[in-house]
Amino acid sequence: MSSNKTPQHPQLLPSSRLPPRAASTSLSVDDALALRQTRERKDALVRGVPSIDAMREAIRRAGCDAPAMTEIPRIGRLDVAAFRARAAHGLPFLMTGLVTRWPLFALEPQILRDRFGDLPVRARIGDYINTAFAADRAMQDMSMRAYLDLVATGTQELPPYLGNLELRALNSLCNWPSYFEKMGPPRFWLGPAGTVTPLHCDYDDNMFAQLWGRKRIVLSPPHHDEFLYPREANAMLFGSPFNPEAPDFAQFPLARQATMIACIVEPGELLYVPAGWYHHVRALTFSLSSNRWARAMPLALAGDQPA
C-alpha cells in the first residue's frame, strides 16, 4: 500500500468514537473467580452446552477420533447442508467460489483511503506478538488514513496491525453465508506483509475469509494442545508460546510431537477452522481478512455431546 501524502504521526481520536478499552482493575481472588464463573455460565448457555470445560474436553475427544491429515483440502462452494455435513468431521478445509462474489473482494485497497479514511480504528503496535493475549498490550486509536500513513513509513520492526476489529462500514460490502444459526459479528484484520497473529485456539467454529492478499496459516489439531504449552486467556481462548515458524524445541520439547499443517490462503478463499484447532497466521502481502465465530455448539460435536 503506497500513499502520495506525506506520512504523519497518527492522531488520537476521541474515545467516544471507539469502544472503550478494557479497564485495568484489581479484583480480589473471590471476585475474579465469581466473574469468571458468570462469564462461563453465559458462554455455555449461548452454545447450548452444560459447561465450557465439558465442551473443551469433548472437542479434544473429537480431535482424537478424527482422521489424521497432512494438508488442508480445497473444495468448491457448499450449500448449508453440505457445509454442516463436512464440518461435522471436525477437520479444516478451504472453500473457493464464495468470497469472490462479495462486493468488497472486487474493490482495490485504495478504497480504504478514498472512502474509509476517516473510519476510527485501533492499531496493535509495538511487540503485539508476545503480548497478544495480555490485557495491557499496546494499542493506539487513530483513523484508517493515519494507520495507512503509519504503515507507509515502514519504520517499525513489527508492522502495526488492525486486528479483530468490528468495522461495520466494511461488513456492509460482505455477504456471509448462513452456515450457522448463531454467529458473532464479523471481525476484520488488516495490515502489510509481516503482521502476525501468534499460535492460539478459539473454542468456537470459525469462518475466515481472505479478501485481499495472501496469508500463511499453520494449524494443529485440538488434542495436540498437550504438546503446545497452552496458556488460558479466557475459557474460550488459549494461546501458545510456541512459534511454529521458528520452533524452539530446547525450550518447548513436547512441541516436536505436535502435528503442524501449513496452508496458503489465497484471495477469495474461505478457511473453515473447527473449534479447538490451534492456528498461527502471517500476512505474506498487504492483506485484508474477515472472520466470524459461531455462537453455537461446535459442529464436530454433533455426535459427541458434552456430558
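**Ser-290, two sheets and the cysteines**

Reader: I'm starting from Ser-290, so where does Ser-290 lie?

Author: Ser-290 lies in strand β15, which spans residues 287-293; strands here are DSSP runs of E with at least two residues, helices are runs of H or I with at least four, and both are numbered from the N terminus. This is a predicted model, in which local features need pLDDT of at least 70 and side-chain atom pairs count only at pLDDT 80 or more, while totals for chains, interfaces and linings use all residues. Residues are numbered from 1 along each chain as its sequence is written, and side-chain values use heavy atoms, with hydrogens and water left out.

Reader: Is Ser-290 buried or exposed?

Author: Ser-290 is buried, with a relative accessible area of 0%, where buried means under 20%, exposed over 50% and partly exposed in between, computed with a 1.4 Å probe on protein chains only.

Reader: And what is Ser-290 in contact with, leaving aside neighbours within four places in sequence?

Author: Its partners include Trp-176, Phe-188, Trp-189, Met-207 and Leu-211, contact meaning heavy atoms within 4.5 Å. Arg-187 is also one of them, and its backbone oxygen lies 2.9 Å from a polar atom of the Ser-290 side chain. A polar contact is a pair of N or O atoms within 3.5 Å; within protein, one must be able to donate a hydrogen and the other to accept it, and residues adjacent in sequence count only if both atoms are side-chain atoms.

Reader: Which sheet has β15 in its order?

Author: β15 belongs to an open sheet of seven strands with mixed pairing, in the order β1-β2-β13-β8-β15-β6-β5; two strands pair if DSSP finds at least two bridges between them. The edge strands, each pairing on one side only, are β1 (74-75) and β5 (162-165).

Reader: How do β5 and β6 pair?

Author: β5 and β6 (residues 187-191) are antiparallel and share two bridges, and Leu-165 stands opposite Phe-188 of β6. Asn-164 lies in β5 as well, with a positive phi near 60 degrees although this residue is not a glycine. Asn-164 counts as partly exposed because its relative accessibility is 28%.

Reader: What lies across β1, β2 and β13?

Author: Helix α3 (residues 80-87) does, running at about 165 degrees to β2. Such angles, from 0 to 180 degrees, are taken between the N-to-C directions of axes, which are lines fitted to C-alpha atoms, for helices over the stretch in contact.

Reader: Switching topic, what is the strand order of the six-stranded sheet?

Author: That open, antiparallel sheet has the order β10-β11-β7-β14-β9-β12, with β10 and β12 (261-265) as the edge strands. Neighbouring strands in it are turned by 30 degrees against each other on average, direction ignored. Five bridges join the antiparallel strands β9 and β12, and Arg-216 has Ile-264 in β12 as its bridge partner.

Reader: How many disulfides does the structure hold?

Author: The structure holds zero disulfides, a disulfide being a pair of cysteine sulfur atoms within 2.5 Å.

Reader: Why is Cys-174 without a bond?

Author: The closest cysteine sulfur to that of Cys-174 is in Cys-263, and because it is 20 Å away, it is too far for a bond. For Cys-263, the closest cysteine sulfur is in Cys-201, which at 17 Å is likewise too far for a bond. Cys-174 is buried, with a relative accessible area of 8%, and Cys-263 counts as buried at 8%.
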